[in-house]
Amino acid sequence: MVLLKMKFNQQRRVRLAQGLWLLSWLAVMCGAFIFCLGVYLKTELLRRDEVMENTEIHVVPNILMMVGLASIGTNWVATRVCQDSLDASRFPRWKVLLLAWFVVAALLCCLLLAVVVLSYALQGRLEESLKVGLRNGIRFYKDTDVPGRCFQKETFDRLQMEFRCCGNNNFKDWFEVQWVSGRFLDYTAQEVKDRIRSNVDGRYLLDGVPFSCCNPASPRPCLQYHLTDNRAHFNYDYLSEDLNLYSRGCRQALTDYYMGLMNSTGPGVLSVILIQVSVILSLRYLQTAVEGAMALENPEGDSEGYILEKGVKETFEEVKVKVLTMIKLAQVDPEGVPDEAEAEKAADTATEKAASPTPAS
């Protein structure tokens, strides 16, 4: 059973080769776009690496970069096949390589589809990674003199100002940690002593937040300290006042940002998949049409092009046998010893020669 059979004359084969050549170059540019997209997403993830617990989400840009480079090479090969398809003496050299080309191209489409699925599936992992990473970032905010954490304060301040967020879940996260370094505390002051003594762990806790939590769009000057004390500020109500602070937590802000980036890649990746599938189908038609004309020993005569010469199941089994054969041929015995089948064949040949009568001289 031949699937999707079409008639091709010489003129239609030439037009198909020319159109496929242009489509292949478009696919090469799409491969470059996918690679650049992966590099951009990877760079954005690395910029916030300090506030992420793990790097599982990096699998998305890694696949994009790998597929992008492979797509550039694969579709460049397709342009060469299109050129050689018009020359009966040069096209036969691609016959064996085209099977591997179709396998690689189909694999690239599957990987791109996996990227789209992973972009949505990894949202929970991303949130959990940010939750732990931001919590550690708040805890180490004060460690400006500890090796490896010297820039943690600057990183977190810039993060809160850039994404207009405060804390992990909200600004109250800062109430639960000592975010002021001991170097800047006067331990002889009564207020400092009282706050340390009132805490079981002996930490200096404040109902305040760093300056980077302040919202510059607020008409009121920023209130950083004594946020839960209504008597500390004029015309102030802790329960109803917006506090002049960013209300959104940084975990939600970063999750929305990264998920927005990855979700926006979905339509672009799906478009690239459609273009790649078009290249695969067109090249298959061109291959079968040219091979059909060459089989009739009339390169300029009419021929048939098709997607599958047999049914899907039969074609899968045939391709499987060919791939296994190619793998077997590629394996080389390191000692140069022939396998058992070859040895038996050689022994049978020697026996036949020995048994045949010797011609009289």
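T265 is buried, with a relative accessible area of 8%; buried means under 20% relative accessible area, exposed over 50% and partly exposed in between, computed with a 1.4 Å probe on protein chains only. The model is predicted, so local features need pLDDT of at least 70 and side-chain atom pairs count only at pLDDT 80 or more, while totals for chains, interfaces and linings use all residues. Residues are numbered from 1 along each chain as its sequence is written, and side-chain values use heavy atoms, with hydrogens and water left out.

**Exercise 1. Place T265 in the fold, and state which residues it touches, not counting those up to four places away in sequence.**

Step 1. T265 is found in helix α7. Helices (H or I, at least four residues) and strands (E, at least two) are DSSP runs, numbered from the N terminus.

Step 2. Helix α7 comprises residues 250-295.

Step 3. With residues up to four places away in sequence set aside, T265 touches L37 and S119. Contact means heavy atoms within 4.5 Å.

**Exercise 2. Describe the order of helices and strands in the protein chain, and the sequence range of its contacts.**

Step 1. Nine helices and two strands make up the count for the protein chain.

Step 2. Along the sequence they follow the pattern β-α-α-α-α-α-α-α-β-α-α.

Step 3. Among contacts between residues at least 6 apart in sequence, 73% join residues at least 24 apart.

Step 4. Of the 361 residues of the protein chain, 39% count as buried.

**Exercise 3. Take the spans that UniProt annotates as "transmembrane region" and describe the chain over residues 20-40 and 60-78.**

Step 1. The annotation comes from an unreviewed UniProt entry and covers residues 20-40, 60-78 and 98-122. UniProt positions are given in the numbering used here, feature names are shortened, and annotations may be inferred rather than shown by experiment.

Step 2. Residues 20-40 are 100% helix and 0% strand, and the end C-alpha atoms lie 30 Å apart.

Step 3. Residues 60-78 are also 100% helix and 0% strand, with end C-alpha atoms 26 Å apart.

**Exercise 4. List the disulfides, and for each give the handedness and the burial of its cysteines.**

Step 1. A disulfide is a covalent bond between the sulfur atoms of two cysteines. Here the criterion is a pair of cysteine sulfur atoms within 2.5 Å, and the structure holds three disulfides.

Step 2. One disulfide joins C165 to C250, with an S to S distance of 2.1 Å. The torsion about its S-S bond is about 90°, so the link is right-handed. The pair links distant parts of the chain, 85 residues apart: C165 is in the loop between α5 (152-163) and α6 (190-197), and C250 is in helix α7. C165 is buried at 0% relative accessible area, and C250 is buried at 0% as well.

Step 3. Another disulfide joins C166 to C213, again with S to S 2.1 Å. C166 lies in the loop between α5 and α6 and C213 in the loop between α6 and α7, so this pair ties together parts that are 47 residues apart in sequence. The torsion about the S-S bond is about 85°, so this disulfide is right-handed. Both C166 and C213 are buried.

Step 4. The disulfide of C214 and C222 has an S to S distance of 1.7 Å. The torsion about its S-S bond is -60°, and the link is left-handed. C214 is buried, with a relative accessible area of 14%, whereas C222 is partly exposed at 33%.

Step 5. With the bonded cysteines numbered in sequence order, the pairing is 1-6, 2-3, 4-5.

**Exercise 5. Locate R220 and relate it to N244.**

Step 1. R220 is in the loop between α6 and α7.

Step 2. The relative accessible area of R220 is 24%, so R220 counts as partly exposed.

Step 3. R220 and N244 are 24 residues apart in sequence, and their C-alpha atoms are 6.8 Å apart in space.

**Exercise 6. Which residues line the largest cavity?**

Step 1. A cavity is a set of points on a 1 Å grid over the protein atoms alone where a 1.4 Å probe fits but cannot get out, and lining residues have an atom within 4 Å of a point.

Step 2. The search of the whole structure finds one cavity of 30 Å³ or more.

Step 3. The lining consists of R47, R48, D49, E50, V51, T155 and L159.

Key:
1 Å grid on protein atoms, 1.4 Å probe; cavity = no way out; pocket = protein on both sides within 12 Å on 5 of 7 lines; lining within 4 Å. Points joined across faces, edges and corners; volume = space filled by probe spheres on them.
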